[in-house]
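User: I'm new to this structure and would like a close look at one part of it. Could you walk me through how some of the helices pack together, and what is left between them?

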Amino acid sequence: MPNWSVSVSTNSEPTTTGKADQAEQPAGSGPGFSLRKVPFWAQIVAGLVLGVLLGWLARSQDISWLYSTLDHIGGIFVQLLKLAVAPLVFFAILVSITNLRKVNNAARLASRTLLWFLITSLIAVVIGIVIGLLTNPGSGTGLTPKDGGKPEGSGSWIDFLTGIVPTDVITPFTELNVLQIVFLAAVAGIAALKLGDRAAPVLALSESVLELLQKALWWVIRLAPLGTVGLIGTAIAGYGWDLLGDYATFTADVYIGCALVLFGVYPLLLVTVAKVSPLQFFKGAWPAIQLAFVSRSSVGTMPVTVRVTERLGVPKEYTSFAVPFGATTKMDGCAAIYPSLAAIFIAEIFNVQLGIQDYLLIAFVSVVGSAATAGLTGATVMLTLTLSTLGLPLEGVGLLLAIDPILDMMRTATNVAGQALVPVIVAAREKILDHDKYNSASASPIDEPEPEPEPTAKNAVPVAA
């Protein structure tokens, strides 16, 4: 995997900090404030605060040009993330599948990964249903069915199943149908494994293209603080705080549900199943979690998720499979907690009584259909899939579109944390987790270079027993 340093230094030789060197520095390059010296997490927080202030100012003073500027800044940032999604997903899945050939018991690792994806999704959806039943998020909101509206696109099981196989190899990339891209990449990866050495040139090219894409995406990620200003500012300026009043219970439910999974279920699994420190996990995974909260894109965060998962001691060969796979299918926030709460919310608005069989269907859809979310911003397709399965009116989706950006931040942070969690659990269970690396993982800023370890017997490619 590439080193994610973004250092712009052109001097490859080590330098000293003596007086002679200081004397040679041009004016303005000496000690003082530099944006690069500010930790990335602090830049993100500053972007959040500035975005809230500018959004409030634009709304309270009715400054249209400021709102338009914030909207364009946030829109360009999201568009840059989406620009890399199609090729990144294709080559990441293809390379990740072929990388499994470097690890013994690859089929066992893949099946265990999928199993833990399903287990954690089931736990998450149960938490969402329980919270919804206890709080009745749709009651007392003042909203009516007339406030809703059908989404431009919807999802159904027929669309989901038939939509997996594309009609051609171009359309999935032009229309950004991530599920079909995953299908094409999986077929190509499996075919490459079957061809063996004859596919080596294609694999070498794919790995180089993937590194190129990840490097380019890393430049976009460095713009996250600026993108944060635009995205948060637009949400505040466009929706204001009044909107939160009608959706207060629902918003709190989503955040509480995600928090219970993120800071309750995940640490419990780390302690009981992986037998490692939860605090150390969050310490190492924090750069990916915070970026996911801002970018609202699991796929856009994927390069950072890969890096922090490796930093937590998961072998690269397994990480390069599990994380891209999870970025397109592992969605505890968007595909488990959110649709379960949204279904209850919409049922209450439309005065539809849900029975036990409906809650079982919600759980089934959340566990099996999570790939429909495809790691992009928003979870509308997954929600429409859930509503159509339950027979609830799709107009209910329109009730939640306005509040969706605020909810999506917490949902995506939960998604990404789970995408790093499962590889740690599986690696620990299969005894291929490097506990020394795990215990020494730090929450260092993601722009700090981390040198590759020298190849020794201890850190040679680990394999499952």
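Analyst: Here is a walk through three helix pairs, followed by the empty space inside. Keep in mind that this is a predicted model.

Let's start with helix 4, which covers residues 106-135. One of its partners is helix 15, residues 333-349, and the two axes come within 7 Å while crossing at roughly 30°. Angles under 35 degrees count as roughly parallel, so helix 4 and helix 15 are roughly parallel to each other. Their crossing is right-handed. On the helix 4 side, the contact is made by Ser121, Ala124, Val125, Gly128, Ile129, Ile131, Gly132 and Leu133. Helix 15 answers with Ala336, Ile337, Ser340, Leu341 and Ile344. Sort the residues of this contact by class and you get 9 nonpolar, 4 polar and no charged.

Helix 4 also packs with helix 16, residues 356-368. Here the angle is about 145° and the axes are 9 Å apart. This crossing is right-handed too. From helix 4, Leu118, Ser121, Leu122, Val125, Ile129 and Leu133 meet Tyr359, Ile362, Ala363, Ser366 and Val367 of helix 16. If you look back at the contact with helix 15, you'll find Ser121, Val125, Ile129 and Leu133 there as well. The contact of helix 4 with helix 16 splits into 9 nonpolar, 2 polar and no charged residues.

Now move over to helix 3, which spans 64-99. Its axis comes within 8 Å of the axis of helix 7, residues 178-195, and the pair crosses at roughly 30°. That makes helix 3 roughly parallel to helix 7, and the crossing is right-handed. Helix 3 brings Val85, Ala86, Val89, Phe90, Ile93, Leu94, Ile97 and Thr98 to the contact. Facing them in helix 7 are Val178, Ile181, Val182, Leu184, Ala185, Ala186, Ala188, Gly189, Ile190, Ala192 and Leu193. The tally for this pair is 17 nonpolar, 2 polar and no charged.

So much for the contacts; what about the gaps? Rolling a probe the size of a water molecule over the atoms shows where empty space is left. In this model the count comes to 4 cavities of 30 Å³ or more, and the largest has a volume of about 60 Å³. There are 10 residues lining that largest cavity, and the closest to its centre are Ala92, Leu210, Gln214, Ser320 and Pro324.

Helix 3 turns up again here: it gives the most to the lining of the largest cavity, with 3 residues. Helix 8 (200-221), helix 13 (298-311) and helix 14 (316-329) each supply at least two residues as well. By class, this lining has 7 nonpolar, 3 polar and no charged residues.

Key
Residues numbered from 1 in each chain as written. Predicted model: local features only at pLDDT ≥ 70, side-chain atom pairs only at ≥ 80, totals over all residues. Heavy atoms only, no water. Axes fitted to C-alpha atoms, helices over the stretch in contact; angles between N-to-C directions. Helix = DSSP H or I, 4+ residues; strand = E, 2+ residues; numbered from the N terminus. Parallel < 35°, antiparallel > 145°, perpendicular 65-115°, else oblique. Left-handed = near helix turned anticlockwise from the far one by under 90°. Contact = heavy atoms within 4.5 Å. Nonpolar A, V, L, I, M, F, W, Y, C, P; charged D, E, K, R; others polar. 1 Å grid on protein atoms, 1.4 Å probe; cavity = no way out; pocket = protein on both sides within 12 Å on 5 of 7 lines; lining within 4 Å. Points joined across faces, edges and corners; volume = space filled by probe spheres on them.
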